[in-house]
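Work through these exercises with the sequence and the 3D view open. Try each task before reading its solution.

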Amino acid sequence: MHFIDDFMLKFAYQEHFKSYYYDSRNLSLQFPSISANQDADVCIIGAGFLGLSTALELAEKGKKVIILEGSRVGFGASGRSGGQAINGFEDGIDEYIEQVGLEKAHRLWQMSLEAIDIIDERVRKHHIQCDWNKGYATLALNHRRMDDLIAMEQAIRETFGYQQMQLWDKTQLKQYLGSDIYVGALFDSNSGHLHPLNYCLGLAQACVNAGVVIYEHSPATEIRSVSESKAVVFSEKFTISCESVVLATNAYIDTLSKKLTFGIEKKILPVESFIIATEPLSQAMADSLINNGMSVCDNNLLLDYYRLSADNRLLFGSDSSTNVDMMAKMRSEMLAVFPQLEDAKIDYGWGGPIDMTLNSTPHFGRIKPNIYFAQGFSGHGVALTGLAGRIIQEAILGNDERLALFESLKVPSLYGGKWVKRMALKVGIPYYRFLDKYK
């Protein structure tokens, strides 16, 4: 049994966490550390979904790209997350319509669908073996939460014409899910789930095949913008001279030097997420839990999410922060959903931070004319990182129309540094639990 009890390890010079994903990876890629000064068109900092997606998009357009990764490819959430690829954004569509108007909100929605299409395209084009499956259900634990799902389905269907969602009552849900605690669900046949580390490693292999150079155990320490078309990135004793830089650090931005982040770390609140994996279950037991291959998430503020792996383990996760024994806590939460797993052994437990913004709105933009970033995916990073990589590639090649739309979104800052962020989590988590219970 493998459990990680220090979820906020610094990112640099780390190896992959021991997790189910790591033990079931189908590629064992390792890349050298940087050992000489380099020149490139674009230097990307971070080799997770975002960094690799951006690199692949640029390399396919003929750009010379170098990626600096402080630890290993997929070390962060890209190699440890729940693996759900979900359309839309974490916040409701009304907030986006209020901010940018109906026409632009519709464009944002269409781009979120494009994000799912990008996964389809890359899995097929690059033959990435990552257990990519369609089907995703959002579940309601009470009638108040079910009313939220009914309103969401109606708004998306009537406003955007999206027809791939189905509302299920308790009886319909029971046809597919072996739990009695939910009153209904909203099923989306277009969203899905995958093995995140295998997808990440597959993207890395596609990048290498396209000519991208990847350096691991090579943390960036400083960015100097020389002009609007030249920058220098420092790593150890070496430099990369380039035209453009992309920051793809996400939840680990708080661990970086201020010479790298230029203040955008104030937009991110790293929130810990935890996952356990059972032993492989019999086919009969697996089918008694989920019999249609979907991934699942409830719609609480502090939510549970789960799915079956390719070898019939239940992967059960939760977005919360606590000092208690997380293995025991997660097992207890799993049994509240599936008491039939009382005798199932837990083989793995692991966790790590995801990059939330205070209003759950993604934060994409430019620090300087040639220094780009995307962060704040707020639980939608499996899909939205691919979209962000494409949008940043477009901007670097001269078309910043779609990036400018994201730049127009309001993302509040949290001032006071790491201490204030820790206090925000200490206060916020109990408050969200209260809201989940009583509102």
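**Exercise 1. Find how strand β13 is joined to strand β20, and in which sense they run.**

Solution. Step 1: locate strand β13 at residues 244-247 and strand β20 at residues 371-375. Strands here are DSSP runs of E with at least two residues, and helices are runs of H or I with at least four, both numbered from the N terminus. Step 2: count the bridges. Three join the two strands, which run parallel. Two strands pair if DSSP finds at least two bridges between them. Step 3: pick one bridge. Val246 has Tyr372 in β20 as its partner.

Before going on, note the ground rules. This is a predicted model: local features need pLDDT of at least 70, side-chain atom pairs count only at pLDDT 80 or more, and totals for chains, interfaces and linings use all residues. Residues are numbered from 1 along each chain as its sequence is written, and side-chain values use heavy atoms, with hydrogens and water left out.

**Exercise 2. Which strand pairs with β13 over four bridges, and which residue stands opposite Val246 there?**

Solution. Step 1: the strand is β3, and the pairing with β13 is parallel. Step 2: Ile44 stands opposite Val246. Step 3: check the side chains of β13. Ser244 and Val246 point one way, Val245 and Leu247 the other. All of these are buried, meaning under 20% relative accessible area (exposed is over 50%, partly exposed in between; 1.4 Å probe, protein chains only). In a regular strand the side chains alternate between the two faces of the sheet.

**Exercise 3. Write out the order of the six-stranded open sheet, then explain why β9 and β19 are its edges.**

Solution. Step 1: the order is β9-β4-β3-β13-β20-β19, with mixed pairing. Step 2: β9 (213-215) and β19 (363-368) each have a single partner strand, so one side of each is left without a neighbour in the sheet. Step 3: neighbouring strands are turned by 20 degrees against each other on average, direction ignored. Axes are lines fitted to C-alpha atoms, for helices over the stretch in contact; angles run from 0 to 180 degrees between N-to-C directions.

Step 4: add the helices. Helix α2 (residues 49-60) lies across β3 (42-45), β4 (65-68), β9, β13 and β20, at about 170 degrees to β4. Helix α11 (residues 381-396) packs on the sheet and touches β3, β13, β19 and β20. The direction of α11 makes about 165 degrees with that of β20. Contact means heavy atoms within 4.5 Å.

**Exercise 4. Do the same for the four-stranded open sheet.**

Solution. Step 1: the order is β2-β12-β11-β10, and the pairing is mixed. Step 2: β2 (38-39) and β10 (220-227) are the edges; each has a single partner strand, so one side of each lacks a neighbour in the sheet. Step 3: β2 pairs with β12 (residues 238-242) in the parallel sense, over two bridges. Asp39 stands opposite Ser241 in β12.

**Exercise 5. Count the disulfides, taking sulfur atoms within 2.5 Å as the rule.**

Solution. Step 1: the count is zero. Step 2: test Cys207. The closest cysteine sulfur, in Cys200, is 9.2 Å away, too far for a bond. Cys207 is buried, at 0% relative accessible area. Step 3: test Cys242. The nearest cysteine sulfur is that of Cys43, 5.3 Å away, and Cys242 is in no disulfide. Cys242 is also buried, at 4%.

**Exercise 6. How many aromatic pairs does the whole structure hold, and what is the geometry of Phe364 and Phe377?**

Solution. Step 1: the search finds 16 pairs. Rings of Phe, Tyr and Trp (its six-membered ring) pair if their centres lie within 6.5 Å; planes under 30 degrees apart are stacked, over 60 edge-to-face, the rest tilted. Step 2: Phe364 and Phe377 are tilted, with 5.6 Å between centres and 50 degrees between planes. Step 3: place them. Phe364 lies in β19 and Phe377 in the loop between β20 and α11, so the pair ties together parts 13 residues apart in sequence. Phe364 is buried at 3% relative accessibility, and Phe377 is buried at 4%. Step 4: extend the group. Phe89, Tyr96, Phe364, Phe377 and Phe406 form one aromatic cluster.
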